[in-house]
Amino acid sequence: MVTKVRGNFADFEGTITVAENIAESAAKATIRTASISTGNDDRDAHVKNEDFFAVEQYPEITFKTTNLNVDENGNGTVTGDLTIKDTTKSIDLDVEDVATAEDPFGNTRLGFEATTKINRNDFGIDFNAPLKTGGVLVSEEIKIELEVSAIKQ
């Protein structure tokens, strides 16, 4: 590996159901794999093909919470089922800065940041290429970063 490659998904949706007791809250999200962008058209085409996301066969990534453990300061862990390429694994998201506020337009917003790391091989994404200098082209570890702002409906 020579450098980090960052990417994002432009097409996604999600819902957060906030209960009075935060531990009873829930969230789910759906991400369209074809909306991946890494800032390089050739790389994006490769990531969309069978070596990585296989977007024709697996058009969505999903996440659904199974447990919330967030303290009164808005920090904690959200556990949920992440499904990529029909493989579902439980993951923990480290959550911080969960807060609600009214925005200038009168909407109630919930915002937070969350991070986790996954091994892409666990989800059937196992493409790699050796480098002449040693090592491999693509790391097995993928860092996931979320910055969420949701509007109460």
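## A walk through a predicted β-rich chain

Asp 97 has its place in strand E7, where strands (E, at least two residues) and helices (H or I, at least four) are DSSP runs numbered from the N terminus. The phi angle of Asp 97 is near 60°, a positive value in a residue other than glycine. Please keep in mind that this is a predicted model: local features need pLDDT of at least 70 and side-chain atom pairs count only at pLDDT 80 or more, while totals for chains, interfaces and linings use all residues. Residues are numbered from 1 along each chain as its sequence is written, and side-chain values use heavy atoms, with hydrogens and water left out.

### Overall picture

The chain holds 1 helix and 9 strands, arranged along the sequence as β-β-β-β-α-β-β-β-β-β. Its C-alpha trace spans about 55 × 30 × 30 Å along the principal axes. Of the 153 residues, 26% count as buried; that word means under 20% relative accessible area, with exposed meaning over 50% and partly exposed in between (1.4 Å probe, protein chains only). Contacts, defined as heavy atoms within 4.5 Å, include many links across the sequence: of those with a separation of 6 or more, 46% join residues 24 or more positions apart.

Confidence is given as pLDDT, the predictor's own score for each residue, from 0 to 100. The chain averages 91, and 99% of the residues score at least 70. Among the elements, the lowest mean belongs to strand E7 (residues 87-102), at 93, and the highest to strand E4 (residues 36-37), at 98.

### Six residues and their accessibility

Here are the residues that appear most often in this tour.

| Residue | Relative accessible area | Class |
|---|---|---|
| Ala 54 | 1% | buried |
| Thr 116 | 8% | buried |
| Phe 53 | 13% | buried |
| Phe 9 | 22% | partly exposed |
| Val 148 | 27% | partly exposed |
| Asp 97 | 46% | partly exposed |

Ala 54 is, like Asp 97, a residue with an unusual backbone entry here: Ala 54 has a positive phi of about 45° although it is not a glycine. Ala 54 is found in the loop between H1 and E5.

### The aromatic pair and the core

Searching the whole structure gives 2 aromatic pairs, meaning rings of Phe, Tyr and Trp (its six-membered ring) with centres within 6.5 Å; planes under 30 degrees apart count as stacked, over 60 as edge-to-face and the rest as tilted. Phe 9 and Phe 53 make an edge-to-face pair, with 5.8 Å centre to centre and 70° between the planes. Phe 9 belongs to strand E1 (residues 8-9) and Phe 53 to the loop between helix H1 (41-48) and strand E5 (60-70), so the pair ties together parts that are 44 residues apart in sequence.

Phe 53 also appears in the largest nonpolar core, which has 21 residues; Phe 53, Val 78, Leu 82, Ile 84 and Leu 93 touch the most other members. Such a core is a set of buried Ala, Val, Leu, Ile, Met, Phe, Trp, Tyr and Cys residues joined through side-chain atoms within 4.5 Å. E5, strand E6 (76-84), E7 and E8 each give two or more residues to this core. E5 supplies the largest share, 4 residues.

Leaving aside neighbours within four places in sequence, Leu 93 is in contact with Phe 63, Gly 76, Thr 77, Val 78, Ala 114, Thr 115, Thr 116 and Leu 146.

### Thr 116 and Val 148

Thr 116, one of those partners of Leu 93, is found in strand E8 (residues 108-119). The side chain of Thr 116 reaches the backbone oxygen of Asp 92 at 2.7 Å. With neighbours within four places set aside, Thr 116 is in contact with Ile 91, Asp 92, Leu 93, Ile 142, Lys 143 and Ile 144.

Val 148 lies in strand E9 (residues 141-151). Beyond four places in sequence, Val 148 is in contact with Ile 16, Leu 110, Gly 111 and Phe 112. The C-alpha atoms of Val 148 and Arg 109 are separated by 9.8 Å, with their positions 39 residues apart along the chain.

### An open strand

Strand E2 (residues 12-17) has 6 residues and the number buried is 0, so E2 lies largely in the open. E2 and strand E3 (residues 26-32) pair in the antiparallel sense over 6 bridges; pairing requires that DSSP finds at least two bridges between the strands. Gly 14 has Ala 29 as its bridge partner in E3.

Methods: A polar contact is a pair of N or O atoms within 3.5 Å; within protein, one must be able to donate a hydrogen and the other to accept it, and residues adjacent in sequence count only if both atoms are side-chain atoms.
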